[in-house]
Amino acid sequence: MGFKCGIVGLPNVGKSTLFNALTQTAAAEAANYPFCTIEPNVGEVGVPDERLDKLAVIGKSATILPTRLTFVDIAGLVRGASKGEGLGNQFLGHIREVDAVAYVLRCFEDDDITHVENRIDPVADAETVETELMLADLDSLEKRRTNIEKKAKSGDKDAKAQVALMDKALVLLREGKPARLADVAPDERAVFDALQLLTAKPVLYVCNVDEASAANGNALSAKVFERAKAEGAGVAVISAKIEAELASLPEEERQAFLADLGLEEAGLNRLIREGYKLLGLVTYFTVGPKEARAWTITRGTKAPAAAGVIHTDFEKGFIRAETIAYEDYVRLNGEAGAREAGKMRLEGKEYVVADGDVMHFRFAN
């Protein structure tokens with residue numbers, strides 16, 4: 001797994017341009033008018049990780065398989081989308097199954113590109129998008145609650161738990177607050193997540209800035225950073241225009257292009273890093289002559305569950321995990337060197353996998 005990120009925003013904020021660039025496709029029609037994206041566009045990208053490249057060289061791996069990140073691009077929302085304005089409501093359902101929602105916010109001035117509300121205010125744009133998602137959640141819960149309540153009254157324990165969580169979310173939504181602020185116990189999380197509320201998902205603000213502001217942001221993006229800090233949300237500065245130009249260049253020319261702009265890396269890398277941090281994700285690796293591969297898991301995952309990401313049989317028959325820290329694998333030039341230096345560990349069922357671990361699982365058939 002990687003993670004699935006829904007991309008939302010008002011029209012003409014650079015959302016589809018960004019999607020095209022990030023997925024290096026022209027699947028989403030980037031046009032200067034609302035609702036040009038009629039169907040949700042889904043694109044996958046490999047998650048850049050220099051560690052994987054180094055491991056592949058040391059392990060003499062024939063193939064490199066990065067973990068994947070899926071972007072789901074949704075048509076531009078407008079005020080009233082939750083009620084069907086601009087066909088918005090039908091698109092909201094497409095982001096119910098994503099892991100996080102990226103709000104693309106316009107943080108640049110351009111007289112040639114109209115703003116649907118005739119002003120440049122990224123924080124107000126974020127509030128408009130959030131309001132529409134809250135209204136959609138409110139409508140969804142109010143429609144579903146009656147049937148679930150009937151089941152609860154008949155003695156269905158699962159339904160009782162569901163109604164209690166629905167009510168927690170409804171109180172917040174009726175106060176104009178997102179469902180992610182609900183006080184949900186760890187053992188209630190699975191049931192709460194199953195409600196598939198749009199505003200229960202973690203938020204990543206993406207500040208789309210002009211080229212000159214790509215490295216350090218600007219006054220508009222600074223306001224978004226303040227909001228993100230107050231909410232505990234993720235935030236990344238990115239220039240959709242630069243990313244689009246970058247996507248059109250051959251691989252060997254990209255680093256020079258970034259250097260000319262004073263950038264150390266592509267905006268995609270920053271966005272992914274923020275997404276991983278927001279969702280508490282880490283990466284472990286498997287390395288062999290056939291392939292070097294990255295696997296994404298949630299921080300705190302124990303070895304058997306981590307093995308299960310590769311195949312369910314690995315988790316069911318888990319015996320132990322031969323584990324080498326990334327730094328040791330590189331410093332000692334691979335598995336043989338790490339083994340000789342005593343840096344290969346045999347970890348059992350209670351081992352919590354660390355970011356960068358190079359692992360080989362032993363399991364019983």
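In the predicted model, a side-chain oxygen of Asn218 lies within 3.0 Å of the backbone nitrogen of Leu220, at the start of helix α7. The helix comprises residues 219–231. Its 13 residues reach 19 Å from the first C-alpha to the last, close to the 18 Å expected at 1.5 Å a residue. Just after α7, Gly232 adopts a positive phi of about 75°.

The buried residues of α7 include Leu220, Ser221, Val224, Arg227 and Ala228. Viewed down the helix axis, the buried residues of α7 occupy an arc within 110°, and they therefore line one face of the helix. An α-helix has 3.6 residues a turn, so residues three or four places apart point the same way. Ala219, Glu226, Lys229 and Ala230, on the other side of α7, are exposed. Packing of the buried residues of α7 involves β5 (100–107), α4 (122–153), β6 and β7.

Strands β6 (residues 203–209) and β7 pair in the parallel sense, with 5 bridges. Val206 has Ala236 in β7 as its bridge partner. The chain passes from β6 through α7 to β7, and this β-α-β crossover is right-handed.

Strand β7 spans residues 234–238, and 5 of its 5 residues are buried, so the strand is largely enclosed by the rest of the structure. Burial applies to both directions of its side chains: Gly234, Ala236 and Ile238 point one way from β7, whereas Val235 and Val237 point the other way, and all are buried.

Definitions and conventions:
Residues are numbered from 1 along each chain as its sequence is written. This is a predicted model: local features need pLDDT of at least 70, side-chain atom pairs count only at pLDDT 80 or more; totals for chains, interfaces and linings use all residues. Side-chain values use heavy atoms; hydrogens and water are left out. Buried means under 20% relative accessible area, exposed over 50%, partly exposed in between (1.4 Å probe, protein chains only). Helices (H or I, at least four residues) and strands (E, at least two) are DSSP runs, numbered from the N terminus. Two strands pair if DSSP finds at least two bridges between them. A crossover is right-handed if, with the strands pointing away from the viewer, the path from the first strand over the helix to the second runs clockwise. The expected span of a helix is 1.5 Å times one less than its number of residues. The arc is that of the directions from the helix axis to the C-beta atoms. Contact means heavy atoms within 4.5 Å. A polar contact is a pair of N or O atoms within 3.5 Å; within protein, one must be able to donate a hydrogen and the other to accept it, and residues adjacent in sequence count only if both atoms are side-chain atoms.
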